[in-house]
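Me: Before I use any descriptive terms for this structure, I would like to go through them one by one and ask what each rests on.

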Amino acid sequence: MQGTILLSATLFWHALAQARPIARIPALLATMMQMSLLGALIGFAPAPLYSPHWFTTQSWGLTPLEDQQLAGLLMWIPAGLIYLGLTLSTVSRMIRAPRYDGASFRL
């Protein structure tokens with residue numbers, strides 16, 4: 001499972017790096033919204049959703065629900081800010097870049 005997640009993430013970021021900025025913006029925003037929604041869903045879930053965590057969270061001093069809430073919060077806020085920052089950076093570079101209209105460069 002971890003290998004497929006790593007592979008799909010690698011392919012996604014590779015595609016983003018190769019994409020034109022105008023295509024990169026909706027991809028980043030859609031991914032940010034998807035991750036934020038998933039983070040909010042698992043963060044506000046009333047019970048643990050992933051049963052194998054019942055036996056792994058105790059060594060960290062967390063209940064399975066607390067561990068899930070922490071994971072949801074990390075997916076929702078810091079990861080969302082990374083996507084938002086990349087989106088704003090792309091928009092900023094697009095605005096500052098000169099454009100070629102066939103006859104001359106214009107800002």
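**Helix packing and three threonines**

Reply: H3 and H4 are roughly parallel to each other, and this, like everything that follows, is read from a predicted model.

Me: Why are H3 and H4 called roughly parallel?

Reply: Helix H3 and helix H4 (residues 78–96) pack at an angle of about 10°, with their axes 3 Å apart. Angles under 35 degrees count as roughly parallel, and H3 and H4 are therefore given that description. In the contact itself, Leu73, Leu74, Met75 and Trp76 of H3 meet Pro78, Ala79 and Gly80 of H4, and by class these residues are six nonpolar, one polar and no charged.

Me: What makes H2 and H3 roughly parallel or roughly antiparallel?

Reply: The angle between helix H2 (residues 21–43) and helix H3 (residues 64–76) is about 160°, and their axes lie 7 Å apart. Since angles over 145 degrees count as roughly antiparallel, H2 and H3 are therefore described as roughly antiparallel to each other. The residues that make this contact are Met35, Ser36, Leu38, Gly39, Ala40, Ile42 and Gly43 on the H2 side, and Gln68, Gln69, Ala71, Gly72, Met75 and Trp76 on the H3 side. They divide into seven nonpolar, six polar and no charged, and the crossing of H2 and H3 is left-handed.

Me: How do you know which description, roughly parallel or roughly antiparallel, fits H1 and H2?

Reply: Helix H1 (residues 2–18) packs with H2 at an angle of about 150°, with the axes 9 Å apart. The cut-off for roughly antiparallel is an angle over 145 degrees, and H1 and H2 are therefore roughly antiparallel. H1 passes H2 in a left-handed crossing, with Phe12, Trp13, Leu16 and Ala17 of H1 touching Arg24, Ala27, Leu28 and Thr31 of H2. By class, that contact has six nonpolar, one polar and one charged residues.

Me: Thr31 is found in helix H2; is Thr31 buried or exposed, and what makes it so?

Reply: Thr31 has a relative accessible area of 16%. Buried means under 20%, so Thr31 is classed as buried. Not counting residues up to four places away in sequence, Thr31 touches Phe12 and Tyr83.

Me: How do you know whether Thr57 counts as buried or exposed?

Reply: Thr57, which lies in the loop between H2 and H3, has a relative accessibility of 2%. Set against the limit of under 20% for buried, this value means that Thr57 counts as buried. Leaving aside neighbours within four places in sequence, Thr57 is in contact with Leu62, Thr63, Pro64 and Asp67.

Me: What makes the approach of Thr57 to Leu62 a polar contact?

Reply: A polar atom of the Thr57 side chain lies 3.0 Å from the backbone oxygen of Leu62, and the distance required of such a pair is within 3.5 Å.

Me: Thr63 is also found in the loop between H2 and H3; why is Thr63 called partly exposed?

Reply: The relative accessible area of Thr63 is 36%. Buried is under 20% and exposed is over 50%, with partly exposed in between, so Thr63 is partly exposed. Not counting residues up to four places away in sequence, Thr63 touches Thr57 and Gln58. Thr63 and His53 are 10 residues apart in sequence, and from C-alpha to C-alpha they are 8.8 Å apart in space.

Terms used:
Residues are numbered from 1 along each chain as its sequence is written. This is a predicted model: local features need pLDDT of at least 70, side-chain atom pairs count only at pLDDT 80 or more; totals for chains, interfaces and linings use all residues. Side-chain values use heavy atoms; hydrogens and water are left out. Axes are lines fitted to C-alpha atoms, for helices over the stretch in contact, and angles run from 0 to 180 degrees between N-to-C directions. Helices (H or I, at least four residues) and strands (E, at least two) are DSSP runs, numbered from the N terminus. Angles under 35 degrees count as roughly parallel, over 145 as roughly antiparallel, 65 to 115 as roughly perpendicular and the rest as oblique. A crossing is left-handed if the near helix is turned anticlockwise from the far one by less than a right angle, and right-handed if clockwise. Contact means heavy atoms within 4.5 Å. Ala, Val, Leu, Ile, Met, Phe, Trp, Tyr, Cys and Pro count as nonpolar, Asp, Glu, Lys and Arg as charged, and the others, Gly among them, as polar. Buried means under 20% relative accessible area, exposed over 50%, partly exposed in between (1.4 Å probe, protein chains only). A polar contact is a pair of N or O atoms within 3.5 Å; within protein, one must be able to donate a hydrogen and the other to accept it, and residues adjacent in sequence count only if both atoms are side-chain atoms.
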